[in-house]
Amino acid sequence: PWGMSFIDNDNILVTQKSGEILKIDLSTKSILKLDHDLAVVEPHWQAGMLDILYYNGSIFVSYTENRGEGKTSTSIAKGELIDDKIINLKNIFQSEPPVNNQLHWGSRLAIKDELLYASVGERALGSVAQDPSNHIGKIIRIKTDGSTPEDNPYVENSDWLPEVYQIGLRNPQGMAFNPNDEEIYITNHGPKGGDFFGKVISGTNYGWMDVAWGGVDYDGSIIGDGSAWKEGFLKPIYRWIPSIAVSNLIFYQGDEFPELNNNIVLTSLKAKRLIKLDFKNGKASNEKVLVDKIGRFRDVEQNKIGQIFVIIDDEESGIWELRHN
């Protein structure tokens with residue numbers, strides 16, 4: 001499994017990298033496979049069906065799309081869930097250009113003010129993340145029908161793609177709406193070091209790969225001039241050195257875990273941790289490990305009554321519920 005989204009307190013939609021979309025009743029543990037005809041690539045390593053978002057009866061799903069001749073893109077489809085069937089599931093976005101490699105697709109989804117935000121990885125192509133004439137290494141913002149909002153930052157520049165909202169990212173695998181300040185935040189994979197948590201701000205640039213947020217390349221070589229940050233780029237709010245392979249996050253609000261209220265709960269793949277961060281006045285601090293040693297934490301979500309569930313992404317994959325000791 002890769003992504004999940006609550007329909008109600010007991011029922012969730014779950015994607016599997018192997019291409020399935022599942023509806024799972026958490027109270028009975030019954031699993032229903034929902035049919036679709038998306039051109040999901042054969043699953044391997046990072047590729048496959050990715051995130052899913054249920055919103056007002058609609059389903060939005062991101063996936064690695066087979067675009068032909070070995071080329072793939074991070075794509076987003078929208079459909080309706082009616083009587084346990086997905087109806088009219090069609091693409092509303094395809095990242096351009098399609099690329100012939102198997103790395104760094106992103107990809108998370110969030111909605112704010114009836115607009116869909118999505119993260120697109122830079123496909124291990126580095127500095128193309130600085131070029132707004134492609135979608136690679138970007139945050140994109142579209143309307144829920146796939147059209148472009150008139151106030152996107154590059155919409156009036158004919159040389160830039162109008163869906164681009166923020167640039168300079170490497171592999172952003174977490175995204176969440178914060179109900180306290182009504183802003184969107186992301187997590188992003190650095191190279192060897194430099195994972196970060198930060199804010200999505202229109203028209204800004206996180207700097208990849210002019211900067212590596214304190215990380216170095218996997219062979220130890222310096223990226224850019226070795227700077228963790230430069231003037232003119234947006235500065236991350238919180239960083240991890242060494243990398244923990246930070247994945248999805250939530251801003252918790254609920255009665256089940258009052259000690260977590262209004263704080264960040266986020267997942268780590270490489271370090272295999274579920275982590276809490278205090279978040280106040282735009283600053284994150286007091287990192288605490290909530291759970292570890294059960295596997296690679298891929299996704300975390302909460303339902304309306306405050307129960308927290310996580311996806312474990314490894315050979316012992318599954319969905320786990322967080323409970324008090």
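# A tour from Ser107 outward

Start by selecting Ser107: setting aside residues up to four places away in sequence, Ser107 touches Trp2, Leu50, Asp51, Ser62, Thr74, Ser119 and Pro172. Keep in mind as you go that this is a predicted model.

**Stop 1: around Ser107**

Is Ser107 buried or exposed? With a relative accessible area of 0%, Ser107 falls under the 20% cut-off, so Ser107 counts as buried. Now show the side chains of Ser107 and Ser62, which are joined by a polar contact of 3.2 Å. Next, turn on the backbone of Ser119: its oxygen lies 3.3 Å from a polar atom of the Ser107 side chain. If you colour by secondary structure, you will find Ser107 in strand E9.

**Stop 2: the sheet that holds E9**

Widen the selection to the sheet. Here 4 strands form an open sheet with antiparallel pairing, in the order E9-E10-E11-E12. Which strands stand at the edges? They are E9, residues 106–112, and E12, residues 164–166; each has a single partner strand, so one side of each is left without a neighbour in the sheet. Look along the sheet to see the turn between neighbouring strands, which is 30° on average when direction is ignored.

Now pick out E11, residues 138–143, together with E12. These two pair in the antiparallel sense over 2 bridges. To see one end of a bridge, select Ile139, then move across to E12, where its bridge partner is Gln166.

**Stop 3: the sheet at E1 to E4**

Travel next to another open sheet, in which 4 strands are arranged in the order E1-E2-E3-E4, again with antiparallel pairing. Its edge strands are E1 (3–6) and E4 (30–34), and each of these pairs on one side only. Neighbouring strands in this sheet are turned by 25° against each other on average, direction ignored.

Zoom in on E1 and E2, the latter covering residues 11–15. How many bridges join E1 to E2? There are 4, and the two strands run antiparallel. A good pair to label is Ser5 and Leu13, since Leu13 in E2 is the bridge partner of Ser5.

**Stop 4: around Arg298**

Jump along the chain to Arg298, which sits in strand E21, residues 297–302. Arg298 has 5% relative accessibility, so this residue counts as buried. Show everything Arg298 is in contact with, leaving aside its neighbours within four places in sequence: Pro1, Trp2, Arg108, Gln173, Ser247, Asn248, Thr267, Leu269, Ile311 and Asp313. Trp2 may look familiar, as it is also among the residues that Ser107 touches. Then focus on Gln173, whose side chain makes a polar contact of 2.7 Å with that of Arg298.

For a wider view, draw a line between the C-alpha atoms of Arg298 and Glu80. They are separated by 25 Å, with their positions 218 residues apart along the chain.

**Last stop: the whole protein**

Zoom out. The protein has 0 helices and 23 strands. Its radius of gyration is 18 Å, close to the 20 Å that the globule rule gives for 325 residues, so the protein is as compact as a globular protein of that length. The C-alpha trace spans about 55 × 45 × 35 Å along its principal axes.

Switch to a surface to finish. About 14100 Å² is exposed, with carbon and sulfur atoms supplying 45% of that area. Buried residues make up 56% of the 325 residues. Among contacts with a separation of 6 or more, 53% come from residues 24 or more positions apart.

Terms used
Residues numbered from 1 in each chain as written. Predicted model: local features only at pLDDT ≥ 70, side-chain atom pairs only at ≥ 80, totals over all residues. Heavy atoms only, no water. Pairing = 2+ DSSP bridges. Axes fitted to C-alpha atoms, helices over the stretch in contact; angles between N-to-C directions. Buried < 20%, exposed > 50% of the residue type's maximum accessible area, 1.4 Å probe, protein only. Polar contact = N/O pair within 3.5 Å; in protein donor to acceptor, adjacent residues only side chain to side chain. Contact = heavy atoms within 4.5 Å. Rg over C-alpha atoms; globule rule 2.2 N^0.38 Å. Areas by Shrake-Rupley, 256 points an atom, 1.4 Å probe, with all protein chains shown as cover.
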